[in-house]
Amino acid sequence: MTQPSIDTNCPHCGQPMCRWTYPDLQYDELRYVCFNDECGYYVRGWAFIEEHYKTKASYRHMLDPQSGQTMPLRVKTAVDFRDGIEG
Ligand SMILES: [Zn+2]
């Protein structure tokens, strides 16, 4: 193995994350996003945001493979941004 390995499994649910780009949101470089609807991070997000912000939203776990940084991707429905998933 000579390539640097990055873990593209979601740290919250262990599922492989999807390769994802979304130029409209200026995510025009590859990111990895967990689109697992059972993911604890995403599931807890609905309750957390409802409680703290009184609105319906959640977030999905997102990884920037260039920097290794992770960040939340805010969503308002279960299907938000799925069209950015690379087949
Ligand atoms: Zn996950």
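## Nonpolar core

In this predicted model, the largest nonpolar core comprises 14 residues. Met 17, Cys 18, Tyr 32, Val 33 and Cys 34 are the members that touch the most other members. Strands S1, S2 and S3 each supply at least two residues of this core.

The contacts of Cys 18 illustrate how the core is connected. Leaving out residues up to four places away in sequence, Cys 18 touches Tyr 32, Val 33, Phe 35 and Ile 85. Two of these partners, Tyr 32 and Val 33, also belong to the group of core residues listed above.

## Overall architecture

The chain contains 1 helix and 4 strands, and these elements follow one another along the sequence in the pattern β-β-α-β-β. The C-alpha trace spans about 50 × 25 × 20 Å along its principal axes. The radius of gyration is 13 Å, which agrees with the value near 12 Å that a compact globule of 87 residues would have.

Burial and contact order can be considered next. Of the 87 residues, 22% count as buried. Among contacts with a separation of 6 or more, 42% are made by residues 24 or more positions apart.

## The sheet

The 4 strands form an open sheet in the order S1-S2-S3-S4, with antiparallel pairing. Strands S1 and S4 are the edge strands, each of them pairing on one side only. On average, neighbouring strands of this sheet are turned by 45° against each other, direction ignored. Strands of a sheet pair through backbone hydrogen bonds, either parallel or antiparallel.

The individual pairings can be described by their bridges. S1 and S2 pair in the antiparallel sense over 4 bridges, and within this pairing Arg 19 stands opposite Tyr 32 in S2. S2 and S3 are joined, likewise in the antiparallel sense, over 2 bridges; here the bridge partner of Tyr 32 is Leu 63 in S3. Tyr 32 thus faces Arg 19 and is also bridged to Leu 63. S3 and S4 pair in the antiparallel sense over 6 bridges, with Met 62 bridged to Met 71 in S4.

## Strand S3 and its hairpin

Strand S3 covers residues 58-63, and 5 of its 6 residues are buried, so this strand is largely enclosed by the rest of the structure. S3 also supplies at least two residues of the largest nonpolar core.

S3 and S4 form a hairpin with 6 residues between the strands. In this hairpin Gly 68 takes a positive phi near 80°.

## Helix H1

Helix H1 spans residues 40-53. Its 14 residues reach 19 Å from the first C-alpha to the last, close to the 20 Å expected at 1.5 Å a residue. Lys 54 follows the helix and has a positive phi, near 55°.

Ile 49 lies in H1 and is partly exposed, with 17 other C-beta atoms within 10 Å. That classification follows because the count falls below the 20 required for a buried residue and above the 12 that is the limit for an exposed one. Apart from its neighbours within four places in sequence, Ile 49 is in contact with Thr 55, Ala 57 and Ser 58. Ile 49 and Pro 11 lie 38 residues apart in sequence, and their C-alpha atoms are 21 Å apart in space.

## Residues with positive phi

Two further residues that are not glycine have a positive phi. Gln 26 has a value of about 65° and is placed in the loop between strand S1 (18-22) and strand S2 (27-33). Gln 26 is exposed, with 7 other C-beta atoms within 10 Å; it falls in this class because the limit for exposure is 12 or fewer.

Phe 81 has a positive phi of about 70° and is found in the segment after strand S4 (70-75). With 20 C-beta neighbours inside 10 Å, Phe 81 counts as buried, because 20 or more such neighbours suffice for that class. Gln 26 is therefore an exposed residue, whereas Phe 81 is a buried one.

Methods:
Residues numbered from 1 in each chain as written. Predicted model: local features only at pLDDT ≥ 70, side-chain atom pairs only at ≥ 80, totals over all residues. Rg over C-alpha atoms; globule rule 2.2 N^0.38 Å. Contact = placed C-beta atoms within 7 Å. Pairing = 2+ DSSP bridges. Axes fitted to C-alpha atoms, helices over the stretch in contact; angles between N-to-C directions. Core = buried A, V, L, I, M, F, W, Y, C linked by C-beta atoms within 7 Å. Expected span 1.5 Å × (residues − 1).
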